[in-house]
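Subject: Structure handover

Hi,

Here is the structure for you to load. My notes on what turned up follow below it.

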Amino acid sequence: MDAVIPAAGQGSRLGELTDDRPKGLVDVAGRPLLAHAFETAVEAGADGLVVIVGYEAAQIVDRFGDAFEGVPITYVHQRERLGLGHAVLQAEPHVDGTFFLLNGDNVFAGSVEPAVEAVGEADAVLGVEAVSPEVAATTGVIETDEAGHVTGLVEKPDDPPSTLVTTGCYVLPEDVFHACALLRPSAEGEYQLSEAVGLLVRAGYEVATVRLGERVNVNTSEDAGRARELLRGVW
């Protein structure tokens, strides 16, 4: 299974850490942030990495080359950063069949393989976690039925219908590319992957959820510190 790794952003909230390098090369526990995402994907069974690059893309290519731990890397340039749905669509020519998506700025304490393994029982799988209502209002919120299957998704709602949210870890069917192509831009001009998954749900696709272990989404220097502490606890 291919793993798509979005890593096109600058990471402006990281301040001077990304003045002259992309977010994916910020040091976390002695390694570039992207190295942690690559390792997580490879350990979950990825046999190819499709990396979406943008800001200071050449630095990422120079750092990792054409393979990571023997797994080949394909680089795809996202010339305009227009949201995760747009980023995923750039990978379409390089993906064949069901694929694994892992945001390049996530650091997980444990394996995400349970999400990959669950796809045999559903058309798609979302790695999820429970958060506070305040945090839920800042990200993609999921509604599920009693069996844990997704019935709806909403991005950054003012009044979250649940506190179950996406973690930047997905296993998706190839048909999600068609859904991404149908997206309309948000008020901020971005194309949201959560809306594309919502289109699949409304079309009758079965989308399951799997709760994953601890993780840190690295957006600020404080997050980078939390990720280091998380990894220190694992090691």
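Start with phenylalanine 177. This residue has 1% relative accessibility, so it counts as buried. Keep in mind throughout that the model is predicted.

**Aromatic pairs**

Phenylalanine 177 has a ring partner, phenylalanine 99. Their ring centres are 5.2 Å apart and the planes meet at 10 degrees, so this pair is stacked. Phenylalanine 99 belongs to strand β7 (residues 99-102) and phenylalanine 177 to helix α6 (residues 176-181), so the pair ties together parts that are 78 residues apart in sequence. Phenylalanine 99 is buried too, because its relative accessibility is 0%.

How many aromatic pairs does the structure hold? There are four. Another of them joins phenylalanine 64 and phenylalanine 68. Here the ring centres are 6.4 Å apart and the planes stand at 65 degrees, so the pair is edge-to-face. Both phenylalanine 64 and phenylalanine 68 are buried. Together with Phe38, they form one aromatic cluster. A charge also comes into play at phenylalanine 64. The charged end of arginine 63 sits over that ring, 5.0 Å from its centre.

**Helix α1**

Phe38 is one of the buried residues of α1. Is α1 largely enclosed or largely open? Nine of its 11 residues are buried, so the rest of the structure largely encloses α1. The buried set is Leu33, Leu34, Ala35, His36, Ala37, Phe38, Thr40, Ala41 and Val42.

Alanine 37 shows what surrounds the helix. With 0% relative accessibility, alanine 37 counts as buried. Setting aside residues up to four places away in sequence, alanine 37 touches Ile5, Leu102, Asn103, Gly104 and Asn106. Take the glycine in that list. The C-alpha atoms of alanine 37 and glycine 104 are separated by 5.5 Å, with their positions 67 residues apart along the chain.

Just after α1 comes glycine 45, with a positive phi of about 110 degrees.

**The largest pocket**

The largest pocket has a volume of about 1400 Å³. It is lined by 46 residues, and those closest to its centre are Arg13, Asn103, Asp105, Asn217 and Asn219. Which elements give two or more residues to the lining? They are β1 (2-7), α1 (33-43), α3 (84-90), α5 (133-136), β12 (164-172), α7 (193-202) and β14 (215-217). The largest share is from β12, with five residues. By class, the lining has 20 polar, 15 nonpolar and 11 charged residues.

Two names link back to the helix. Asn103 is among the residues closest to the pocket centre, and Asn103 is also touched by alanine 37.

**Helix α8**

Two leucines in α8 are worth opening in your viewer. Leucine 230 lies in this helix, which spans residues 221-234. Its relative accessibility is 12%, so leucine 230 counts as buried. Not counting residues up to four places away in sequence, leucine 230 touches Val107, Phe108, Ala109, Glu214, Arg215 and Val216. The C-alpha atoms of leucine 230 and phenylalanine 108 are separated by 8.3 Å, and the two residues are 122 apart along the chain.

Leucine 231 lies in α8 as well. At 6% relative accessibility, leucine 231 is also buried. Leaving out neighbours within four places in sequence, leucine 231 is in contact with Val28, Ala29, His36, Val107 and Phe108. One of these, His36, is a buried residue of α1. Val107 and Phe108 appear in the contacts of leucine 230 and in those of leucine 231.

**Backbone points**

Ala29, a contact of leucine 231, has a backbone feature of its own. Alanine 29 has a positive phi of about 60 degrees although it is not a glycine. It sits in the loop between β2 (27-28) and β3 (31-32). Alanine 29 has 23% relative accessibility, so it counts as partly exposed.

Glutamate 56 also has a positive phi, of about 50 degrees, and is not a glycine. Its place is the loop between β4 (48-53) and α2 (57-64). Is glutamate 56 buried or partly exposed? At 35% relative accessibility, glutamate 56 counts as partly exposed.

Best wishes

Key. Residues numbered from 1 in each chain as written. Predicted model: local features only at pLDDT ≥ 70, side-chain atom pairs only at ≥ 80, totals over all residues. Heavy atoms only, no water. 1 Å grid on protein atoms, 1.4 Å probe; cavity = no way out; pocket = protein on both sides within 12 Å on 5 of 7 lines; lining within 4 Å. Points joined across faces, edges and corners; volume = space filled by probe spheres on them. Helix = DSSP H or I, 4+ residues; strand = E, 2+ residues; numbered from the N terminus. Nonpolar A, V, L, I, M, F, W, Y, C, P; charged D, E, K, R; others polar. Phe/Tyr/Trp six-rings, centres within 6.5 Å; stacked < 30°, edge-to-face > 60°. Buried < 20%, exposed > 50% of the residue type's maximum accessible area, 1.4 Å probe, protein only. Lys NZ or Arg CZ within 6 Å of the ring centre and 35° of its normal. Contact = heavy atoms within 4.5 Å.
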